[in-house]
Amino acid sequence: MSYRAPVAELAFTLRHVAGLEAVLAAGKSDLTPEDARVVLEEAGRLAGSVLAPLNRVGDRHGTPLDDGTVTTPPGWREAYRTFAEGGWNGLSAPESHGGQGLPLLLNAACTEIWNGANLAFSLCPLLTAGGIEALEKHGSEALKAAYLDKLVSGEWTATMNLTEPQAGSDLALLRTRAEPNGDGSYRITGAKIYITYGEHDLTDNIVHLVLARLKDAPAGTRGISLFLVPKVLPDGSRNDLRCSGIEHKLGIHASPTCSMAFGDQGGATGWLIGEENRGLACMFTMMNNARLNVGLQGVAVAEAATQKALAYAQERRQGKAPGAEAGGGASPIIEHSDVQRMLLTMKATTAAARGICYLTAAALDAARGPEGQAALDRASLLTPVAKAFSTDIANEATSLGVQVHGGMGFVEEAGAAQYMRDARILAIYEGTNGIQALDLVGRKLPLNGGATVRAQIAAMREVAESVLKDGHPGFGHTAARLRAAIESLDRATSFALRALGSNRPEEALAGATPYLRLFGLAQGGACLARAALAASAALRAGETDPAHAGRIALARFFAENLATAAGGLEQTVLDGGGFVQDAKLALAG
């Protein structure tokens, strides 16, 4: 079974969880929710007819490197041309540079669709989107004039060059050098690794955004600058850079992960983006965009794995389910309670992660309007949760997908294994999920003296109270279980803020990962409950869509079966500081 974009569910989540109408009103957009649905339908058609059929092709073919040239899989170039000509590359890019200027929220739903159909292919436009944002916000007018239109159109693509062989997540250890040429350009020398689509045959030019250090720059991250270093220079000549190797990876085989060498012949030519020694601030624009998009990748792969597992469970017959009528053949395995539990877990956690990611995108849209900084702070709070919770869910859901398939899941022919392999990188790149947890607790909780996180928790409480008042019998214990999870989050938040404020950060940071999971369960449960409340209202209004009852049931399953882990996570956060000393003892020798 090939991926099919769940357009109805995406459109419902945009409206009733993320608040699409409010986003459109704040942005003074002429777009209507019905227009947004049409965009999703068109994106779904392209994903289903062009991108999804190439997913297995790309996984088997890979991206061979020969004499510095990377060849993408069969059909890739034609698919990319179709994608770019359709205007999808610039969906949310500024209209002044050829983009469509649509809300980030709508772009988020399309990003999910592309990645659900073909994760490896979609990594290329994902990186370009980040490059567009960084250049648009920080580049000089000359650089924008030379490069932005072609990036927006998809005629050229962009990359992000951070990591070096000796420096993983610690950017303070970067050694790549930049020296001024005296004409406004710089000579770049050094090596980078793990560069997604650092070399390919989809476009004639690739625009590399490279972190490098100027001579006599301050030590550490304060001395890093950002440079635009194109594969092809403005005069048409080839720049002094090359792909020196391709990584052989567990997954995303069709996405070339390159080692890049700059300056074999004396130095690659580049131009400064932003100010000298302020490159990290510029790059964080690109990284924050990418972190939300990686969260959406997690949602996408989890959705694709869920679709495949559900289809298999409906077709595969084995044994008799308890309560089945005597006689006849074996039952479809979807009638077995444990298979139902696995499928519901996949579907519920995927929908919860989707809600969190869409809320984050909506906050970024709101930050452009009257709400301004308050919305940007909310987006900053939610971004590490969107990235880490969603990609953890991707790993869990794809693993369950293999389990639903049984022995066939371990066989590549079934296709479930590829989702599991592809998903594994998502919790690692763009800042490991451990780093996201440290960022959430150490930097984002203290925003505005804790007022931002308190407001978010208050909004979750309002949802739980609305469920309690709704009275639909299908909610069961949803309100009580969700409220308990939210109160666990509130107490854990108070503990972390006290520890940070008392100069005992290690006590808070030791429990950062379970805290992020707790936040994801509470916020994800609130997202599902918001969808369920809208479904309940629709049923009272006389709508007969069977999906509404399913949304209520899914929120209940999440609250009664998954959010119940919140109490244990709370205790882990409260007691987590002690593990640091215990770890030293337990791991010694």
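Which helices each supply at least two residues of the lining of the second largest pocket? In this predicted model, they are α1 (7-16), α9 (279-315), α10 (337-366), α17 (512-540) and α18 (546-562). Two of these helices, α9 and α10, also appear in the helix pairs set out below: α9 packs with α7, and α10 packs with α11. A further pair joins α11 to α12.

**The second largest pocket**

- The volume of the second largest pocket is about 700 Å³.
- Its lining comprises 29 residues, and Glu-9, Glu-303, Leu-310, Lys-347 and Leu-554 are those that lie nearest the centre of the pocket.
- Helix α10 gives the most to this lining, contributing seven residues.
- Sorted by class, the lining holds 16 nonpolar residues, six polar residues and seven charged residues.

**Helices α10 and α11**

- The axes of α10 and α11 lie 8 Å apart, and the two helices pack at an angle of about 160°.
- An angle over 145 degrees counts as roughly antiparallel, and α10 and α11 are therefore roughly antiparallel to each other.
- Where α10 passes α11, the crossing is left-handed.
- The contact of α10 with α11 draws on 22 nonpolar residues, eight polar residues and one charged residue.

**Helices α11 and α12**

- Helix α11 spans residues 373-405 and helix α12 spans residues 416-423; their axes come within 9 Å and cross at roughly 160°.
- That crossing angle makes α11 roughly antiparallel to α12.
- The crossing of α11 past α12 is left-handed.
- From α11, the residues Ala-394, Asn-395, Thr-398, Ser-399, Gly-401, Val-402 and His-405 take part in the contact, and they meet Ala-416, Ala-417, Tyr-419, Met-420 and Ala-423 of α12.
- This contact of α11 with α12 contains seven nonpolar and five polar residues, with no charged residues.

**Helices α7 and α9**

- Helix α7 (residues 119-138) and α9 have axes that come within 9 Å and cross at roughly 150°.
- Helices α7 and α9 are therefore roughly antiparallel to each other.
- The two helices, α7 and α9, form a right-handed crossing.
- On the α7 side, the contact is made by Leu-119, Leu-123, Leu-126, Leu-127, Ala-129, Gly-130, Gly-131, Glu-133, Ala-134, Lys-137 and His-138.
- On the α9 side, the residues in contact are Ala-281, Cys-282, Thr-285, Met-286, Asn-289, Asn-293, Gln-297 and Val-301.
- By class, the contact of α7 with α9 divides into ten nonpolar, seven polar and two charged residues.

Note on methods: Residues are numbered from 1 along each chain as its sequence is written. This is a predicted model: local features need pLDDT of at least 70, side-chain atom pairs count only at pLDDT 80 or more; totals for chains, interfaces and linings use all residues. Side-chain values use heavy atoms; hydrogens and water are left out. On a 1 Å grid over the protein atoms alone, a cavity is a set of points where a 1.4 Å probe fits but cannot get out, and a pocket is an open set with protein on both sides within 12 Å along at least five of seven lines; lining residues have an atom within 4 Å of a point. Grid points are joined across faces, edges and corners, and a volume is the space filled by probe spheres set on the points. Helices (H or I, at least four residues) and strands (E, at least two) are DSSP runs, numbered from the N terminus. Ala, Val, Leu, Ile, Met, Phe, Trp, Tyr, Cys and Pro count as nonpolar, Asp, Glu, Lys and Arg as charged, and the others, Gly among them, as polar. Axes are lines fitted to C-alpha atoms, for helices over the stretch in contact, and angles run from 0 to 180 degrees between N-to-C directions. Angles under 35 degrees count as roughly parallel, over 145 as roughly antiparallel, 65 to 115 as roughly perpendicular and the rest as oblique. A crossing is left-handed if the near helix is turned anticlockwise from the far one by less than a right angle, and right-handed if clockwise. Contact means heavy atoms within 4.5 Å.
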